[in-house]
Amino acid sequence: MSEAALPTTVACPDCGYDVPAAPYCVRCGEWLEDDLASHPTARRGFGAAPNESRFAPKLSTLFPQLPRNELDTFQLALGAGVAVVIALALGRLFPLALVAAAVLTPLLLILYLWEVDLYEDEPVHVIALTVAWGAVAGVAMGLLSKEIVDVDAGFVAERTGRTVVWLGIVLPLVGVILMLVGPLVLLPYRKFNDVLDGATFGAASAVAFVGAGLLTHSASYLGTGLRPVGDVVPWTVRVIALAVAIPVIAAGSVGGAAGSLWLKYRAPARDRNALGLLGNPAVAIPLAGALVVGAALIQLYTREWLQLALLVATSLLALLWLRHVIDVGLRQESAEIEIGPPVACANCGKATPRHTFCASCGVSLQALPKATRPGRLAPPPAGQEAF
Ligand SMILES: [Zn+2]
Ligand SMILES: [Zn+2]
C-alpha cells in the first residue's frame, strides 16, 4: 500500500463537521465507527481517555495528560504508596505513616507534572510557584489551627462548639480561599488561558496545601517517638483517608473552582456555558467551600470506617467534578482549527491529522504532554498514511 488513498470524509453525528472517516472524530472525539462492543454505552468517553466514561471517577482525572502506559505506572505507584502507608500504621509506626500519608499525593502530582512538563519553556517554573504557594499557605494554616484549637495528630481531642466552628467551618473556608489565591495570580497571563491550566494550578496548590498543613499540624506529635501509644485500626483507617481521600477532595474542589474562573474569564465566549452552573464561579467557589467544610465536619462527627466511607464518597464527587472540568478544557477551541497535516499520536503512535483528537485512539491531543502537542508534534512514522 504505497499510493496515498484519497481521504474520505463523513459527517460527524456529534459536532456536525465533515471529518476524516476514522474510528474517532478528530474535532470532537466522537466515536464514528458503529462498534458497540468497544463502546457499550454508545456515549462519548472522557477526553483524556476515550475508553473511559466521563462519569467514572477514575485516576485518569488526576493525571489527564499522561499516555495510557504511563498512567498504569502512576496507578501502580499510588497503590504501592497506599500499601506503604497502611503497612507503617499496622506496624504501629504512626508518625511515619502520617508523614507518608502527607507526602504521597503531592509527590505523585509533582512527579506527574514534571513528567508531562507542561510549562517547560517558562522562565519561572509556574508549577513550582503554585506548589510552593500551596505549601507555605498550608504550613501557615497548620500553625494557625494548632494555635486556635488543641488537636492531636489528626485526631480531634473532643468535639465542642468551639472546635466545630473553627475546625469544621471557619478554617476549612479560609483554606479554600488560600488554595485558590495562589493560582489566581496566574489568571491574567495569556499563556495560561486554558481551562486545563486553571484546573491544574488549582489541584497542585490544593494537594501541596493539604500535605504541608498535615505535616505542620502533626509536628508536635512527630516528636514523640517512632511508636507512640495508639490503636492500630483507627490509625490505619485514618491514614488511608489522610493519604488519598482528603487531598483528592481538596484537589477536585479547588481545581473545579479554579476551572470555573478560567472558563469565565479566559475561555472563548462560545465555551462559557459548557459547564452549566458549575462554570459560574459564584456557584463553583461556594460549592468547593461546601465540599471541604463537609469533609471537615465528617471528620468531627464520625469515626473510623463510617468516616472513611463518607470521605471516600465525598472524594469521588470532587473527582467527578474535576473530571468534568478537564473534559470541557480538553475540548475547548476545537471547532475553530482547520484540520492539519498528519502527525504521530504520542499515545497510540499512529498517524492522525493534526487537530484536537487522535483519529485512531480518540485521545485528546491536548491531553498529551505539551512537547508532543500540535505545533511540535513529530511527523508520523515512515510508511504510515494519514486518514
Ligand atoms: Zn465530531
Ligand atoms: Zn492515538
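## A tour of the predicted chain

Of the 387 residues in the protein chain, 53% count as buried. The model is a predicted one.

**Whole chain.** Start with the cartoon view of the full chain. Nine helices and six strands make up its secondary structure elements. Turn on contacts next: of those between residues at least 6 apart in sequence, 69% join residues at least 24 apart. Then show the surface. The accessible surface comes to about 17000 Å², and carbon and sulfur atoms account for 65% of that.

**The salt bridge.** Select Glu52 and Arg323 and show their side chains. The two form a salt bridge, with 3.0 Å between the closest N and O atoms. A search of the whole structure finds one salt bridge. Side chains of opposite charge can pair when their charged atoms come close. Which elements hold the two partners of this salt bridge? Glu52 sits in strand 4 (residues 49–53) and Arg323 in helix 9, so the pair ties together parts that are 271 residues apart in sequence. Colour by accessibility here: Glu52 and Arg323 are both buried.

**The largest cavity.** Stay with helix 9 and switch on cavities. The count is four cavities of 30 Å³ or more, and the largest cavity holds about 100 Å³ of space. Its lining is made of 13 residues; to find the centre, select Leu62, Pro64, Ala199, Thr200 and Ala203, which lie nearest to the centre. Helix 2 (94–116), helix 5 and helix 9 (304–331) are the elements that give two or more residues to this lining. Which helix gives the largest share of the lining? Helix 5 does, with five residues.

**A nonpolar patch.** Follow helix 5 (residues 195–217) to Leu215, which lies in this helix. Add Val99 and Val103 to the selection: with Leu215 they form a nonpolar patch on the surface, and together the three have about 180 Å² of accessible area. Is Leu215 buried, partly exposed or exposed? Leu215 is partly exposed, because its relative accessible area is 31%, and the partly exposed range runs between 20% and 50%.

**Thr236.** Last, select Thr236, a residue of helix 7 (residues 232–265). Thr236 counts as buried because its relative accessibility is 10%, and buried means under 20%. Show what lies around Thr236: leaving aside residues up to four places away in sequence, Thr236 touches Ile86, Ala89 and Leu90.

Methods
Residues numbered from 1 in each chain as written. Chains lettered and ligands numbered in written order. Predicted model: local features only at pLDDT ≥ 70, side-chain atom pairs only at ≥ 80, totals over all residues. Heavy atoms only, no water. Helix = DSSP H or I, 4+ residues; strand = E, 2+ residues; numbered from the N terminus. Buried < 20%, exposed > 50% of the residue type's maximum accessible area, 1.4 Å probe, protein only. Contact = heavy atoms within 4.5 Å. Areas by Shrake-Rupley, 256 points an atom, 1.4 Å probe, with all protein chains shown as cover. Patch = residues over 30% accessible without salt bridge, like charges linked within 9 Å, V, L, I, M, F, W, Y side chains within 5 Å. Salt bridge = Lys/Arg side-chain N within 4 Å of Asp/Glu carboxyl O. 1 Å grid on protein atoms, 1.4 Å probe; cavity = no way out; pocket = protein on both sides within 12 Å on 5 of 7 lines; lining within 4 Å. Points joined across faces, edges and corners; volume = space filled by probe spheres on them.
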